[in-house]
Amino acid sequence: MFQPRSIQSSMTLKDKIMSMDYVLVLSIFILGIISMFAMYSTDGGKFDYHTKSHILRFGVFFLMFLIVSLFQIRFWYQTSTLLYLGFFVLLLGVKYFGLTSSGSQRWLNFYFMNLQPSELMKIGLILFLAKYYHRISSQDVNKIKFLFLPIVALVAPVLLVVAQPDLGTSILIALGGVTVSWLAGVRVKFFAYASILFISLTPIAIAFLKPYQKSRILTFLNPDRDPLGAGYQIIQSKIAIGSGGLFGKGFLNGSQSYLDYLPEKHTDFIFTLFSEEFGFVGSLFILILYSIIIMRLINIGDLTRSSFGKLYCYSFATAFFIYVAVNMGMVLGLLPIVGAPLPIMSYGGSSMMAIMLGLGIAMSCKIYKDIPVN
Amino acid sequence: MINFGSGNTVIKSKLISRRMFVLSAAKTIVFCGIFGRLVSLQINEATKYKTLSDKNRFREWKLAPQRGIIKDYFDKEIASNEKVYQLHITPENSPNLETLFFRLKTILNLSDKRIFYLKRKIAKQKPWEPIIVSDNLTWSEFSRINLFLHELPGVEPIVSVARQYPDQSTAHLVGYVSQVSQKDLQKKQYLKDMSVGIAVGKTGLENKLDKDIIGKVGFQRYEVNAFGKRIKQIQVDPGESGKDYRTTLDLEVQKYTSKVLEDKAASVCVMDIYNGDIITIASSPSYDPNSFVHGIDKKYWNELISNEKKPLNNKAIAGLYPPGSTIKIIVALSALENDIWNPKKYVNCSGVTELYGEKFHCWKKKGHGPMNMRSAIQRSCDVYFYEVARLLGVDRLSETAKKFGLGKKVLDGFIEERAGVVPSTTWKRKFIGKNWYLGETLHSGIGQGYFQSTPLQLCLMTAQIANGGFEIKPRILVNDKKNNLREYIKYKNENPNEPLPIDMLVSNFDLNPLFRNQENINFIKDAMFAATNEAGGTSFRSRYNDQKFMFAGKTGSSQIKRFTALQRELEIKQKDIEYKDRDHALFVAFAPYKDPKYAISVVVEHGGTGSGSAAPIAKKNN
């Protein structure tokens with residue numbers, strides 16, 4: 001019991017840096033470089049606003065990722081509740097002071113950036129639930145009274161985000177929370193009950209959906225329903241990806257994005273742009289990079305000895321996987337357009353910040369894998 | 001709470017790992033799904049999506065081709081193209097259409113109605129499609145627009161070409177072009193690919209040749225962005241201008257003819273008797289075909305359609321007239337060919353003959369006295385031909401008349417051309433539903449009654465007699481083939497019993513004689529010569545004495561209204577009768593008599609008698 005602590009205290013900065021997962025760091029870095037080129041292409045081959053801003057953000061948050069990873073895992077364990085509550089307050093702040101853009105209120109105006117707290121909440125909820133399940137014994141997990149807090153912790157922020165309205169992010173937050181609960185051993189039957197409840201509430205929820213959200217879902221079911229309206233994005237995205245072919249149209253030659261057929265090409269549809277210009281080979285490369293990142297995260301979870309570390313790494317790996325899968329599924333026409341950015345690649349500071357924070361904590365698990373959290 | 005290394009933690013770790021394994025399996029499946037989707041989109045369906053992407057990317061603007069030029073035989077232009085100044089608006093380039101139209105109204109002469117029409121059209125089409133505000137600006141309007149161009153965003157002054165007809169004399173034959181109508185689109189499939197605003201042939205040659213003369217539409221292919229804005233030009237195909245055509249007309253003769261016919265409702269056809277080349281085909285009064293090109297002015301239109309001389313009607317091919325006495329040459333020929341009449345046979349004309357209880361009058365009230373066939377043709381004796389027709393019968397007459405080109409359309413592809421009527425017993429039963437009366441045979445024998453023919457048919461009839469009785473196909477476009485009929489006929493006449501040399505045989509393989517005995521044709525030609533050149537002939541006054549120009553002809557008048565008995569009593573002269581009730585005057589001829597080259601037909605509506613009106617016109621023409 002004392003032994004591990006001595007290991008920790010004896011670690012020098014050099015040791016810490018040496019024990020980082022360099023495959024993971026390298027993969028993230030490569031992806032970041034690729035995202036810069038993609039952003040340069042969305043600016044029409046000019047070193048313009050989006051490119052500059054994206055490079056700056058990647059630089060800043062990549063540095064943040066390294067710094068976060070050097071904090072002891074115990075620190076993150078201890079502050080996780082605080083982080084969760086902090087993010088929750090920010091979400092509440094959005095409700096009252098938030099900036100509204102294209103009909104939804106998602107951002108808080110800070111001096112240096114417009115922060116989207118819902119993105120941070122993705123990580124906050126995972127941290128909070130990982131700590132919660134770390135603290136209760138596995139026998140208690142399925143007791144009703146111990147289910148109460150996780151449900152509240154999950155539902156409260158999700159409702160706030162849905163009300164913004166931001167369906168995509170709320171789903172991603174919820175899925176992160178569900179993943180932690182699943183890993184902690186919550187019985188399948190509870191998930192079944194939750195699903196039944198969710199499905200039975202769906203018709204009521206639909207009544208509260210904005211017309212554009214309804215039309216997006218209907219459009220997903222049949223994109224040709226309204227090819228110039230809601231179906232436009234899916235159709236144009238499929239055309240862009242398909243027309244890329246095996247080797248793509250070449251860097252800066254993606255006609256679909258260059259000629260503005262592609263909507264939201266900086267953010268949600270960045271993969272489409274990349275896929276159009278670099279073809280199947282490029283898309284596969286990106287897919288492999290993401291797979292490596294996810295596998296490395298799972299690997300860190302395997303190495304970590306604390307339940308908190310395991311729960312966090314596995315959950316974050318799964319959440320990260322879900323973000324990638326939802327975004328790709330969306331642009332490939334497999335899922336409805338819900339507004340989910342692609343981690344690291346997409347333009348957007350809050351998303352980048354949240355992902356780097358998440359990755360940094362995971363890396364901290366790697367560096368302090370043998371150290372108990374409490 | 002310190003449970004590191006405790007059993008509980010181990011159990012927990014195992015549980016987490018077990019559950020993670022399930023999740024990992026699910027992840028693999030999902031990523032495989034994404035991989036599969038990528039394969040399907042980017043490899044299997046890449047071609048499909050590449051096409052769709054190009055469809056997005058490129059947009060084509062059509063370029064109107066230039067219409068081909070129509071020329072006369074001597075390469076003078078009958079229908080040409082001229083530079084016109086146009087004003088187009090591209091709505092997407094104009095920030096405010098209301099103010100733009102307001103400005104334009106002060107610069108140009110735009111009516112509110114026109115502006116309303118344009119706005120409605122703009123609302124219907126895509127914002128990047130240009131709309132033609134005015135397709136024929138004057139030079140001063142055009143320069144004013146250019147002066148104010150910087151304050152008129154979206155306006156494009158364009159120099160284009162449009163149809164121009166230098167001369168009105170050919171208006172009927174050439175026809176005119178105008179804006180495409182719904183009906184044109186249905187009828188003419190090739191217009192589907194044409195650009196908006198192209199002019200289409202509506203009548204005459206312009207309509208007949210439309211498909212080839214209109215040209216091949218060109219296009220400019222641009223790369224456009226999602227908002228339809230042109231980014232860069234990728235490809236230009238200027239298209240092909242339409243085929244040029246050379247016609248058989250002689251514009252000088254045509255102009256001269258038109259001048260002679262001025263103010264009369266009349267038409268003249270002149271045809272080469274050996275190859276059927278139409279040298280002149282004029283109809284009077286004429287109209288200005290240029291007025292249709294840019295949309296006709298309402299006032300001028302009303303003027304045209306209210307004119308009782310019907311200027312829009314091409315009388316040479318669409319005017320139907322009873323052939324009158326000009327049919328007598330066919331009646332005579334038919335009787336001779338069918339061996340039912342001896343040309344030497346005399347009939348005494350007393351001015352009237354009574355048959356089947358009805359009185360049939362000769363045009364000469366006093367009568368011609370004893371007539372044989374030659375003198376009956378010369379003096380156009382009606383009584384003689386009543387007798388010939390009675391013995392001939394209408395069916396044999398109609399057979400000969402049809403053989404010589406009456407009762408069917410002469411030209412191809414002229415929508416306005418009419419076939420006319422050659423009556424027969426079966427025709428009457430079929431179209432009128434009654435049996436034939438013998439009295440009607442007599443009327444037919446002098447070209448009255450049901451007989452209806454166009455001036456061009458009469459010209460063809462005369463030409464086919466003049467060339468010795470051979471079938472010719474009249475033509476309006478120059479064709480170098482089948483031009484040696486003349487040599488062939490000469491050869492045939494000189495060596496009647498010898499076979500043809502091979503080169504002539506090849507070029508005239510489908511030569512078709514219309515006679516049984518060529519002597520009969522020659523007899524008719526001689527009688528026509530007499531009518532013009534021997535004293536007492538109906539067109540004697542119009543003769544040429546110069547051997548070189550001497551011609552042979554036959555006059556005719558066709559009745560519009562039967563004379564009442566009272567009028568006959570009073571010997572009312574034609575000029576006293578109201579214009580629209582007067583007879584039509586007809587004259588057919590060929591010239592020169594010694595070595596015939598041309599056949600002519602002249603019809604003057606309500607011109608009185610053939611000898612009085614038509615023959616002098618023919619004289620002037622030669």
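## Two chains and the terms behind them

Me: How many residues does each chain bring to the contact between chain B and chain A?
Reply: Chain B gives 39 residues and chain A gives 42. Two residues are in contact if their C-beta atoms, placed from the backbone, lie within 7 Å. This is a predicted model, in which local features need pLDDT of at least 70 and side-chain atom pairs count only at pLDDT 80 or more, while totals for chains, interfaces and linings use all residues. Residues are numbered from 1 along each chain as its sequence is written, and chains are lettered from A and ligands numbered from 1 in the order in which they are written.

Me: Which elements of chain B give two or more residues to the side that touches chain A?
Reply: They are α1 (7–44), α2 (46–57) and β8 (218–224) of chain B. These labels come from DSSP runs, numbered from the N terminus: helices are H or I with at least four residues, and strands are E with at least two. Helix α1(B) supplies the largest share, 21 residues. By class, this side of chain B has 22 nonpolar, 8 polar and 9 charged residues. Here Ala, Val, Leu, Ile, Met, Phe, Trp, Tyr, Cys and Pro count as nonpolar, Asp, Glu, Lys and Arg as charged, and the others, Gly among them, as polar.

Me: Let's turn to chain A. Why is α6(A) called roughly parallel to α8(A)?
Reply: Two packed helices are described by the angle between their axes and the distance between the axes. Helices α6 (residues 117–135) and α8 (residues 167–184) of chain A pack at about 15°, with axes 9 Å apart. Axes are lines fitted to C-alpha atoms, for helices over the stretch in contact, and angles run from 0 to 180 degrees between N-to-C directions. Angles under 35 degrees count as roughly parallel, over 145 as roughly antiparallel, 65 to 115 as roughly perpendicular and the rest as oblique. The angle of about 15° therefore makes α6(A) roughly parallel to α8(A). The contact of this pair has 10 nonpolar, 5 polar and 2 charged residues; among those that meet are L125(A) and L129(A) in α6(A), and L172(A) and V180(A) in α8(A).

Me: What makes α3(A) and α4(A) a contrasting case?
Reply: Helices α3 (residues 22–42) and α4 (residues 49–70) of chain A pack at about 165°, with axes 8 Å apart, so α3(A) is roughly antiparallel to α4(A). The contact has 6 nonpolar, 6 polar and no charged residues. M36(A) and M39(A) in α3(A) are among the residues there, as are H54(A) and F58(A) in α4(A).

Me: Why are β2(A) and β3(A) counted as paired?
Reply: Two strands pair if DSSP finds at least two bridges between them. Strand β2 (residues 104–109) of chain A has 2 bridges to β3(A), so the pair qualifies. The two strands run antiparallel, and N109(A) stands opposite N114(A) in β3(A). In chain A, 3 strands form an open sheet in the order β1-β2-β3. Strands β1 (99–101) and β3 (114–115) of chain A each have a single partner, so one side of each is left without a neighbour in the sheet.

Me: How confident is the predictor in chain A and chain B, and in the complex?
Reply: pLDDT is the predictor's confidence in each residue, from 0 to 100. Chain A averages 88, with 93% of the residues scoring at least 70; residues 1–6 of chain A fall below 50. Chain B averages 80, with 83% scoring at least 70, and residues 559–581 of chain B are below 50. For the complex, the predictor gives an ipTM of 0.91 and a pTM of 0.65.
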